[in-house]
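Thanks for sharing this one. Here are a few friendly notes to read alongside the coordinates.

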Amino acid sequence: MRIIIKFLPTNGRQIPMPTNERQLRFLAKAELEPTVQADVWQQAVEQAGNKIPSGRIVKDVVDRIRESPKVPNPYHIGEICILLPKDDPDLRGKAGYWGVVTYAGEYSCTVQTWDGDYTVKIEHLKLLELLDEDCQFMQQLCVRLRQLHQLASRDSSVDWLLQGLGKQAKPYLSSLQAKLLAAVEREYKIEWRQQR
């Protein structure tokens, strides 16, 4: 831990320090240079929203640094991607889910889907090449689906609708889908105003 403290930048902001061994386990095993260890910790803190990161987040940052791909991250914030679980256990059951890129790092992206946020390696994503207005539609649809998902006492049929729309990677809803979504929003008194 002293190595991390020694090499962290102190440009006027306080960086949270590790509070337990699990947070540093993967950092120690990686056998990285002290300056790289400090960089890993700093990236993990940023990824955790400037809070103390979990061991899993530290491991993800270490993995990204060690497996640096030969091509730069092709994804950008606001784009729509499909999750490709491959060998990522955190994405089990999420095959075909679409989401909005909310963070694009060097080797990974955070993608917001109807049921949560997933930080994944870029090889676990497939870009939907959409026009800006289509991306905007899907970003707004994602917000609507997330609002319904956050309802604690929702009917199981709402989950069925969310899963169906959460896997339909198209920048439109059929007339019936739009009516169903609006009916469910009315049922739970969720007001939706389309943003321009």
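The points below take up one helix pair and then two pockets.

1. A caveat to start with: this is a predicted model, so please read the rest of the note in that light.

2. Have a look at helix H6 (residues 156-167) and helix H7 (residues 175-187), which pack at an angle of about 140° with their axes 11 Å apart. Angles over 145 would count as roughly antiparallel, and H6 and H7 are therefore oblique to each other. Their crossing is left-handed.

3. On the H6 side, Val 158, Leu 161 and Leu 165 make the contact, and they meet Gln 177, Leu 180, Leu 181 and Val 184 of H7. By class, this contact has 6 nonpolar residues, 1 polar and no charged.

4. The largest pocket has a volume of about 230 Å³. Its lining counts 16 residues, and those nearest the centre are Arg 56, Asp 60, Asp 63, Asp 88 and Lys 121. Helix H4 (55-66) and strand S4 (116-121) each give two or more residues to this lining, with H4 giving the most, 5 residues. For your electrostatics, note the make-up of the lining: 11 charged, 3 polar and 2 nonpolar residues.

5. The second largest pocket holds about 150 Å³ of space. H4 and S4 are again the elements that give two or more residues to its lining, but here the largest share, 4 residues, comes from S4. Among the lining residues are Gln 47, Arg 56, Asp 60, Asp 117 and Tyr 118. The classes here are 4 nonpolar, 3 polar and 4 charged.

6. Which lining residues lie nearest the centre of the largest pocket? Arg 56 and Asp 60 are among them, and both also line the second largest pocket.

Note on methods. Residues are numbered from 1 along each chain as its sequence is written. This is a predicted model: local features need pLDDT of at least 70, side-chain atom pairs count only at pLDDT 80 or more; totals for chains, interfaces and linings use all residues. Side-chain values use heavy atoms; hydrogens and water are left out. Axes are lines fitted to C-alpha atoms, for helices over the stretch in contact, and angles run from 0 to 180 degrees between N-to-C directions. Angles under 35 degrees count as roughly parallel, over 145 as roughly antiparallel, 65 to 115 as roughly perpendicular and the rest as oblique. A crossing is left-handed if the near helix is turned anticlockwise from the far one by less than a right angle, and right-handed if clockwise. Contact means heavy atoms within 4.5 Å. Ala, Val, Leu, Ile, Met, Phe, Trp, Tyr, Cys and Pro count as nonpolar, Asp, Glu, Lys and Arg as charged, and the others, Gly among them, as polar. On a 1 Å grid over the protein atoms alone, a cavity is a set of points where a 1.4 Å probe fits but cannot get out, and a pocket is an open set with protein on both sides within 12 Å along at least five of seven lines; lining residues have an atom within 4 Å of a point. Grid points are joined across faces, edges and corners, and a volume is the space filled by probe spheres set on the points.
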